[in-house]
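Here's a quick briefing on a pair of packed helices and what surrounds them. Have a look at the model first, then read on.

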Amino acid sequence: MDVPALQALSHNRRADVRAAACAAKTAMLPARPAHYRALAKTPLRVVAEQVLAASGRTLLAVGGCCLSGYTDEIGQRLAHEGIGVPPRDDRAVLTLILLFSVAI
């Protein structure tokens, strides 16, 4: 992945950006900016956003913390290709479960 702003940073700041981007991509819970320098400092956060954008992801602010998700274009493309979308019968069963659980 070629992100010019990342290459312009020092080795330590590149490591900070990569750690923050990795945490935002793979964390089970939102990543706290206090734990990742690149999420806490705006210039590094912008570079982290560019790194995520290079792989079709975007940085999402969640209650003062950060996660990443697919951009709208990538999400639509995945849904169009049927990736991550449950089959019709499974969607029907999930709908019935939701209706019954609300009705109870």
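The buried residues of α4 pack against quite a list of partners: α1 (4–7), α2 (11–26), α3 (37–40), β1 (57–62) and β2 (65–70). Packing here goes by contact, meaning heavy atoms within 4.5 Å, and buried means under 20% relative accessible area, exposed over 50%, and partly exposed in between (1.4 Å probe, protein chains only). Helices (H or I, at least four residues) and strands (E, at least two) are DSSP runs, numbered from the N terminus.

This is a predicted model, where local features need pLDDT of at least 70 and side-chain atom pairs count only at pLDDT 80 or more, while totals for chains, interfaces and linings use all residues. Residues are numbered from 1 along each chain as its sequence is written, and side-chain values use heavy atoms, with hydrogens and water left out.

**Helix α4**
- Leu44, Val47, Ala48, Val51 and Leu52 are the buried residues to look for in α4.
- They cover an arc of only 140 degrees around the axis, which puts them on the same side of α4; the arc is that of the directions from the helix axis to the C-beta atoms.
- Flip to the other side of α4 and you find Thr42 and Pro43 exposed.
- The 13 residues of α4 (residues 42–54) should span 18 Å at 1.5 Å a residue, and the end C-alpha atoms are indeed 18 Å apart; the expected span is 1.5 Å times one less than the number of residues.
- After α4 comes Gly56, with a positive phi near 80 degrees.

**Helix α2**
- α2 has 16 residues and reaches 22 Å from first C-alpha to last, close to the 22 Å expected at 1.5 Å a residue.
- Buried in α2 are Arg14, Asp16, Val17, Ala20, Ala21, Ala23 and Ala24.
- Those buried residues pack against α1, α3, α4, β1 and β2.
- Arg18 also sits in α2, and at 45% relative accessibility Arg18 counts as partly exposed.
- Arg18 and Val85 are 67 residues apart in sequence and 30 Å apart in space, C-alpha to C-alpha.

**Where α2 meets α4**
- On the α2 side, Arg13, Val17, Ala21 and Lys25 meet Leu44, Val47, Ala48, Val51 and Leu52 of α4.
- The two helices, α2 and α4, pack at an angle of about 55 degrees, with their axes 9 Å apart; axes are lines fitted to C-alpha atoms, for helices over the stretch in contact, and angles run from 0 to 180 degrees between N-to-C directions.
- That makes α2 and α4 oblique to each other, since angles under 35 degrees count as roughly parallel, over 145 as roughly antiparallel, 65 to 115 as roughly perpendicular and the rest as oblique.
- α2 passes α4 in a right-handed crossing, that is, the near helix is turned clockwise from the far one by less than a right angle (anticlockwise would be left-handed).
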